[in-house]
Amino acid sequence: MIHESRHPLVQHKLTLLRNVTTEPKKFRELIRELALLLCYEATADLAIREIPVQTPLATAVGHELLDKIGLVPILRAGLGMVEGIWELMPSSEVWHIGLYRDEKTLQPVSYYNKLPTLPTVQVCLVLDPMLATGGSAVAAVDVLKRWGAERIKFVGILAAPEGIKMLQTAHPDVPIHVAKIDARLNEVGYILPGLGDAGDRQFGTG
Ligand code: PRP
Ligand code: URA
């Protein structure tokens with residue numbers, strides 16, 4: 001299932017994010033804010049259970065999240081998506097997965113994974129602003145499934161149709177939440193019109 005946000009705030013902020021003149025400080029702020037808004041949409045179906053809560057006046061019916069949530073940013077560009085979401089869900093765990101795309105083959109190369117042997121969360125939100133060929137997202141979900149994560153969602157900012165197809169084919173059970181589905185990939189695997197290199201633009205390394 002692919003969810004493309006229709007929220008006006010998301011579309012407004014995405015336009016600022018794409019703009020070539022947006023500096024890294026502003027770019028990081030926008031990634032943080034967009035991640036928060038997209039996470040709000042992506043978590044709309046999380047399971048909750050009823051618990052009583054004592055107000056100053058009476059007992060009310062309250063709710064708490066049933067599942068333990070894991071935020072899984074794909075290094076490096078996914079890092080900027082963690083902070084805002086973590087504020088929204090402070091009891092979630094953050095598990096980093098290090099992957100980069102080989103520039104020539106566009107294949108994902110794994111360089112960091114410190115997941116413990118047994119899963120510690122039930123729901124994983126894979127965070128990466130860019131779903132381009134889909135190779136990195138598929139590799140990250142492969143790792144989480146081998147770990148034993150029960151439910152996995154992908155939360156990104158831009159997706160190319162090629163990446164959506166690849167992720168949906170490999171992992172049809174993983175819903176994809178993005179701000180926008182763009183037109184296509186260019187000849188070197190960048191999303192068009194896109195926003196350029198999400199890692200370089202956040203960290204000022206372009
Ligand atoms: C970017 C992006 C994704 C990946 C997407 O990371 O953040 O992880 O490319 O491309 P794919 O869908 O074709 O796999 P990159 O490899 O540039 O690493 P970085 O975040 O460290 O800059
Ligand atoms: N990674 C990026 O940062 N941007 C793209 O357009 C594709 C992959």
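Which backbone atom lies 2.8 Å from an oxygen atom of ligand 2? In this predicted model, the atom is a backbone N or O of Ile191. A backbone N or O atom of Ala198 likewise lies 2.8 Å from an oxygen atom of the ligand. On the nitrogen side, a polar backbone atom of Gly196 is 2.8 Å from a nitrogen atom of ligand 2. Taken alone, ligand 2 exposes 230 Å², and the protein buries 89% of that area.

The three residues that make these contacts belong to a shell around ligand 2 that also includes Arg101, Met130, Ala132, Gly189, Tyr190 and Asp197. By residue class, this shell consists of 5 nonpolar, 2 polar and 2 charged residues.

Ligand 2 occupies the largest pocket of the model. The volume of the largest pocket is about 680 Å³, and its lining is made up of 27 residues. Among these lining residues, Tyr100, Arg101, Ser136, Tyr190 and Asp197 lie nearest the centre of the pocket. Two or more lining residues each come from the strands β4 (69–75), β6 (97–101) and β9 (130–131) and from the helices α4 (135–147) and α6 (198–203). The lining comprises 15 nonpolar, 7 polar and 5 charged residues.

Several residues appear in both descriptions. Arg101, Tyr190 and Asp197 surround ligand 2 together with other residues, and these three are also among the residues nearest the centre of the largest pocket.

Terms used. Residues numbered from 1 in each chain as written. Chains lettered and ligands numbered in written order. Predicted model: local features only at pLDDT ≥ 70, side-chain atom pairs only at ≥ 80, totals over all residues. Heavy atoms only, no water. Near = heavy atom within 4 Å. Polar contact = N/O pair within 3.5 Å; in protein donor to acceptor, adjacent residues only side chain to side chain. Areas by Shrake-Rupley, 256 points an atom, 1.4 Å probe, with all protein chains shown as cover. 1 Å grid on protein atoms, 1.4 Å probe; cavity = no way out; pocket = protein on both sides within 12 Å on 5 of 7 lines; lining within 4 Å. Sits in = over half its atoms within 2 Å of the grid points. Nonpolar A, V, L, I, M, F, W, Y, C, P; charged D, E, K, R; others polar. Points joined across faces, edges and corners; volume = space filled by probe spheres on them. Helix = DSSP H or I, 4+ residues; strand = E, 2+ residues; numbered from the N terminus.
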